[in-house]
Amino acid sequence: MQSIVHKIRLLDIGHAQAFENWVLDTDYATCPELPSVRSFDVHRVSSAHDAPFHYIEVIKVSSNEAFKRDMGSASFARLVECFSTMAEVVEEVAGTQLGAGYRAPA
């Protein structure tokens, strides 16, 4: 499994609540339309105006090739269009997960 981590900076920190609402209501809800996405989480890091980034997102995908195909979909294009009005990715790190990892029992 491939993991992609984005550091995200808001264009206007005053719109943090709108961004978070969009993540909760639209971004997460679109994931089932992207078959390569196995998990997706957004984490608030800072609300400071001058922070180098405000959020991180962690995307786990079945493969980079499959994710690239999903990036060509209309669903993904809608996400990018809206995201780009509120925020920018300031850094991306990607890698391959080692083993199954750890998950606490439910």
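Strands β1 and β3 pair in the antiparallel sense over seven bridges, and that pairing is a handy way into this predicted model. Around it sit an open sheet of four strands, a nonpolar core of 21 residues and an aromatic cluster made of Phe 19, Trp 22, Tyr 55 and Phe 83. There's also a side-chain polar contact between Glu 20 and Arg 44 to look at.

**The sheet**

- Reading across the open sheet, the strand order is β2-β3-β1-β4, and the pairing is antiparallel.
- The edge positions go to β2 and β4 (87-96); each has a single partner strand, so one side of each has no neighbour in the sheet.
- From one strand to the next, the twist averages 15 degrees.
- As a reminder of what holds such an arrangement together, strands of a sheet pair through backbone hydrogen bonds, either parallel or antiparallel.
- On the β1 side of β3, Gln 2 has Val 61 as its bridge partner, while Lys 7 stands opposite Ile 56.
- β2 and β3 also pair in the antiparallel sense, over seven bridges; here Asp 41 stands opposite Val 58 of β3.
- How well covered is β3? Mostly: six of its seven residues are buried.

**Helices against the sheet**

- Helix α2 (residues 64-71) packs on the sheet and touches β1, β2 and β3.
- The direction of α2 makes about 115 degrees with that of β3.
- Helix α3 lies across β1 and β4, and runs at about 125 degrees to β4.

**The nonpolar core**

- The largest nonpolar core has 21 residues.
- Which residues have the most contacts inside this core? They are Phe 19, Trp 22, Val 37, Tyr 55, Ile 59 and Phe 67.
- Helices and strands both feed into the core: β1 (2-10), α1, β2, β3 (55-61) and α3 (74-86) each supply at least two of its residues.
- Tyr 55 has a long contact list once neighbours within four places in sequence are set aside. Among its contacts are His 6, Lys 7, Ile 8 and Leu 10, then Ala 16, Phe 19 and Glu 20, and further along Val 42, His 43, Arg 44 and Val 45.

**Aromatic pairs**

- The model has six aromatic pairs.
- One of them is Phe 19 with Trp 22, a tilted pair at 6.1 Å centre to centre, with 35 degrees between the planes.
- Phe 19 and Trp 22 both belong to helix α1, three residues apart, or about one turn of the helix.
- Both Phe 19 and Trp 22 are buried.
- Why is the pair of Trp 22 and Phe 83 called tilted? Their ring planes sit at 45 degrees, with the centres 6.4 Å apart, and tilted covers angles that are neither under 30 degrees nor over 60.
- That pair links distant parts of the chain: Trp 22 is in helix α1 and Phe 83 in helix α3, 61 residues apart.
- Trp 22 counts as buried because its relative accessibility is 10%, and Phe 83 counts as buried too, at 15%; the cut-off is under 20%.
- Phe 19, Trp 22, Tyr 55 and Phe 83 come together as one aromatic cluster.

**Glu 20 and Arg 44**

- Glu 20 is found in helix α1 (residues 16-30), whereas Arg 44 has its place in strand β2 (residues 37-44).
- The side chains of Glu 20 and Arg 44 are joined by a polar contact of 2.7 Å.
- Is each partner buried or exposed? Glu 20 is buried because its relative accessible area, 16%, falls under 20%. Arg 44 is exposed because its 58% is over 50%.
- Leaving out residues up to four places away in sequence, Glu 20 touches Arg 44 and Tyr 55.
- Arg 44, with neighbours within four places likewise set aside, is in contact with Glu 20, His 54 and Tyr 55.
- Arg 44 and Ile 56 are twelve residues apart in sequence, and 6.7 Å apart in space from C-alpha to C-alpha.

Conventions: Residues are numbered from 1 along each chain as its sequence is written. This is a predicted model: local features need pLDDT of at least 70, side-chain atom pairs count only at pLDDT 80 or more; totals for chains, interfaces and linings use all residues. Side-chain values use heavy atoms; hydrogens and water are left out. Buried means under 20% relative accessible area, exposed over 50%, partly exposed in between (1.4 Å probe, protein chains only). A polar contact is a pair of N or O atoms within 3.5 Å; within protein, one must be able to donate a hydrogen and the other to accept it, and residues adjacent in sequence count only if both atoms are side-chain atoms. Contact means heavy atoms within 4.5 Å. A nonpolar core is a set of buried Ala, Val, Leu, Ile, Met, Phe, Trp, Tyr and Cys residues joined through side-chain atoms within 4.5 Å. Two strands pair if DSSP finds at least two bridges between them. Axes are lines fitted to C-alpha atoms, for helices over the stretch in contact, and angles run from 0 to 180 degrees between N-to-C directions. Rings of Phe, Tyr and Trp (its six-membered ring) pair if their centres lie within 6.5 Å; planes under 30 degrees apart count as stacked, over 60 as edge-to-face and the rest as tilted.
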